[in-house]
Amino acid sequence: MTLHIRNAETEDIAFLAAMLLEAVNWRGDQPPSTLESIMGNPLVWHYLSDWKRSSDFGFLAHEANGTPVGATWVRFMTADDPGYGFVDEYIPELGMGVASNHRGQGVGRILLEQTIQSATDHGLQGLSLSVEVENERACALYVSSGFVVAGRVGKSGTMVLKF
């Protein structure tokens, strides 16, 4: 599969929302959340609400025919409105989703590498994220990219990559 990567733009909000939904629904053994339910949940939807703020950035991976298959997005959170992977106000949180029929094919790794490179090019201090510890594939990807566990809340780990 040939992938093309491009910057995520304001008009990509619908696909980013679909990828946020993919990230939320990574488990196949539980009733899936719906787009309406995540949009109505401020603890989840604040990752994309008002996309694209001046400090937001991200990437879309798409096939040669233009079909998008995955995305990353990076957003700064505040102590008053922290995300699940909040470390501090100087390290933004990373979100990522890959279409279920494209997982395990390197899409996430390519997107993650591009996002890390862009974060360093922007002069950021690092990136943080939250991942369920049972999501072994995602955890392994993040660890292999240099992320370390900075804390745990319930079944999720907060991971950070400092530059």
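**Strands, salt bridges and a pocket**

Reader: Okay, how many bridges hold the pairing of strand β5 (residues 126–132) with strand β7 (residues 156–162)?

Author: Keep in mind that we're looking at a predicted model. In this model, β5 and β7 run in the antiparallel sense where they pair. Val131 stands opposite Gly157 in β7. Count along the pairing of β5 and β7, and you get 7 bridges.

Reader: Is β5 largely enclosed by the rest of the structure or not, and how many of its 7 residues are buried?

Author: A residue counts as buried when its relative accessible area is under 20%. Enough of β5 passes that cut-off, so the strand is largely enclosed by the rest of the structure. The number of buried residues in β5 is 5 of the 7.

Reader: And β4, which of its residues point the opposite way from Glu93, Gly95 and Gly97?

Author: In a regular strand the side chains alternate between the two faces of the sheet. β4 is mostly covered, with 6 of its 6 residues buried, and that goes for both of its sides. Glu93, Gly95 and Gly97 point one way. Pointing the other way are Leu94, Met96 and Val98.

Reader: Which residue stands opposite Gly95 in β4?

Author: Look across to strand β3 (residues 68–75), which pairs with β4. That pairing is in the antiparallel sense and takes in 6 bridges. Opposite Gly95 stands Trp73.

Reader: Where do the buried residues of α5 sit, on one face or spread around?

Author: In α5, the buried ones are Ala138, Cys139, Leu141 and Tyr142. Seen down the helix axis, those buried residues fall within an arc of 160 degrees. The side turned away carries Glu136, Arg137 and Val143, which are exposed. So the buried residues of α5 line one face.

Reader: Let's talk pockets: which element gives the most residues to the lining of the largest pocket?

Author: The largest pocket holds about 1100 Å³ of space and is lined by 37 residues. Nearest its centre lie Ala23, Trp26, Met96, Val131 and Asn135. The elements that give two or more residues to this lining are α1, β4, α4, β5, α5 and β7. The top contributor, with 6 residues, is β4.

Reader: How many residues in the lining of the largest pocket are nonpolar?

Author: Sort the lining residues by type and three groups come out. Two of them are 12 polar and 6 charged residues. The nonpolar group in the lining has 19.

Reader: On to salt bridges: how far apart are the closest N and O atoms of Asp12 and Arg6?

Author: To count, a side-chain nitrogen of Lys or Arg has to be within 4 Å of a carboxyl oxygen of Asp or Glu. By that rule the model has 4 salt bridges. In the Asp12–Arg6 pair, Asp12 is buried at 7% relative accessible area, whereas Arg6 is partly exposed at 34%. Their closest N and O atoms are separated by 2.8 Å.

Reader: Which residue does Glu9 meet in a salt bridge?

Author: Glu9 sits in the loop between β1 and α1, and its partner is 43 residues away, in the loop between α3 and β2. Glu9 is partly exposed at 30% relative accessibility. The N to O distance in this salt bridge is 3.8 Å. The partner of Glu9 is Lys52.

Reader: How many residues apart along the chain are Arg103 and Glu22?

Author: Arg103 and Glu22 form a salt bridge, with their closest N and O atoms 2.7 Å apart. Both count as partly exposed, Arg103 at 29% and Glu22 at 21%. Arg103 is in the loop between β4 and α4, while Glu22 is in helix α1. Along the chain, the separation of the pair is 81 residues.

Reader: Last one: which residue does a cis peptide bond join to Lys52?

Author: Most residues other than glycine have a negative phi, and most peptide bonds are trans. In the loop between α3 and β2, Asp50 has a positive phi, near 60 degrees. Lys52 has its place in the loop between α3 and β2 as well. The cis bond, with omega about 20 degrees, joins Lys52 to Trp51.

How values were computed
Residues are numbered from 1 along each chain as its sequence is written. This is a predicted model: local features need pLDDT of at least 70, side-chain atom pairs count only at pLDDT 80 or more; totals for chains, interfaces and linings use all residues. Side-chain values use heavy atoms; hydrogens and water are left out. Buried means under 20% relative accessible area, exposed over 50%, partly exposed in between (1.4 Å probe, protein chains only). Helices (H or I, at least four residues) and strands (E, at least two) are DSSP runs, numbered from the N terminus. Two strands pair if DSSP finds at least two bridges between them. On a 1 Å grid over the protein atoms alone, a cavity is a set of points where a 1.4 Å probe fits but cannot get out, and a pocket is an open set with protein on both sides within 12 Å along at least five of seven lines; lining residues have an atom within 4 Å of a point. Grid points are joined across faces, edges and corners, and a volume is the space filled by probe spheres set on the points. Ala, Val, Leu, Ile, Met, Phe, Trp, Tyr, Cys and Pro count as nonpolar, Asp, Glu, Lys and Arg as charged, and the others, Gly among them, as polar. The arc is that of the directions from the helix axis to the C-beta atoms.
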